[in-house]
Amino acid sequence: MKCPRCKEYDTKVIDSRVIEDGFSIRRRRECNKCGYRFTTYEKLELDIMIIKKDGRREPYNREKLISGIRKACHKRPISENTIKKFINELELDLIQKGEKEVPSRYIGEKVISTLKEWDKVAYIRFASVYKEFKDVEEFITQIKELGNEEQPET
Ligand SMILES: [Zn+2]
């Protein structure tokens, strides 16, 4: 690892610790030439392909998925930690399945059902992008259905 200050390659690890979920390692490093200290993170990377609706494949992209969920949760009472925890669990699930390719639908449905539990607004936002509601009417029907769930008929 190159020193960000003097570009020397001769750096050493002075501290390593496992963080968060146990799938990330934080390392403190020190440059042997100038003494500069810096931190690096090593993260587990999920190495699978996503099968899109039209049959094309693309590599799984954690950041892309997180940013989609973040957008849906914008200004809603859902913390960044909650989102990250969910993603970690989702990735573990995918690793345990052991598949090299996973349909985007599988991940989409997991996100949708989780958002439905968290927050109705976030759910509708994500679902409207993901399910590509054909028209306003379909969208309204979805919202009405949600309303009914909240007030079950007696
Ligand atoms: Zn240096």
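**View 1. Helix H2 and the glycine that follows it.** In this predicted model, helix H2 covers residues 80-97, a run of 18 residues. At 1.5 Å a residue, a helix with that many residues should span 26 Å, and because the end C-alpha atoms of H2 are 26 Å apart, the expected span and the span in the model agree. Directly after H2 comes Gly 98, a residue whose phi is positive, near 75°.

**View 2. The crossing of helices H3 and H4.** Helix H3 is made of residues 104-118 and helix H4 of residues 120-130, and the axes of these two helices come within 8 Å and cross at roughly 155°. Since angles over 145 degrees count as roughly antiparallel, H3 is described as roughly antiparallel to H4. The crossing in which H3 passes H4 is left-handed. On the H3 side, the contact is made by Gly 108, Val 111, Ile 112, Leu 115, Lys 116 and Trp 118, while H4 contributes Ala 122, Tyr 123, Phe 126, Ala 127 and Tyr 130. Sorted by character, the residues of this contact are nine nonpolar, one polar and one charged. When reading such a list, it helps to recall that an α-helix has 3.6 residues a turn, so residues three or four places apart point the same way.

**View 3. The three-stranded sheet as a whole.** Three strands form an open sheet in the order S1-S2-S3, and their pairing is antiparallel. Strand S1 (11-19) and strand S3 (37-43) stand at the edges, and because each has a single partner strand, one side of each is left without a neighbour in the sheet. From one strand to the next, the twist averages 25°.

**View 4. The pairing of strands S1 and S2.** Strand S2 comprises residues 24-31, and eight bridges join this strand to S1, with the two running antiparallel. Two positions help the reader to follow the pairing along the strands. Thr 11 has Cys 31 of S2 as its bridge partner, and Arg 17 stands opposite Arg 26, also in S2. In a regular strand, the side chains alternate between the two faces of the sheet.

**View 5. The pairing of strands S2 and S3, with their hairpin.** S2 and S3 also pair in the antiparallel sense, here over seven bridges. Within this pairing, Arg 27 is found opposite Thr 40 in S3. The hairpin of S2 and S3 has five residues between the strands, and in this hairpin Gly 35 takes a positive phi near 80°.

Notes
Residues are numbered from 1 along each chain as its sequence is written. This is a predicted model: local features need pLDDT of at least 70, side-chain atom pairs count only at pLDDT 80 or more; totals for chains, interfaces and linings use all residues. Axes are lines fitted to C-alpha atoms, for helices over the stretch in contact, and angles run from 0 to 180 degrees between N-to-C directions. Helices (H or I, at least four residues) and strands (E, at least two) are DSSP runs, numbered from the N terminus. Angles under 35 degrees count as roughly parallel, over 145 as roughly antiparallel, 65 to 115 as roughly perpendicular and the rest as oblique. A crossing is left-handed if the near helix is turned anticlockwise from the far one by less than a right angle, and right-handed if clockwise. Two residues are in contact if their C-beta atoms, placed from the backbone, lie within 7 Å. Ala, Val, Leu, Ile, Met, Phe, Trp, Tyr, Cys and Pro count as nonpolar, Asp, Glu, Lys and Arg as charged, and the others, Gly among them, as polar. The expected span of a helix is 1.5 Å times one less than its number of residues. Two strands pair if DSSP finds at least two bridges between them.
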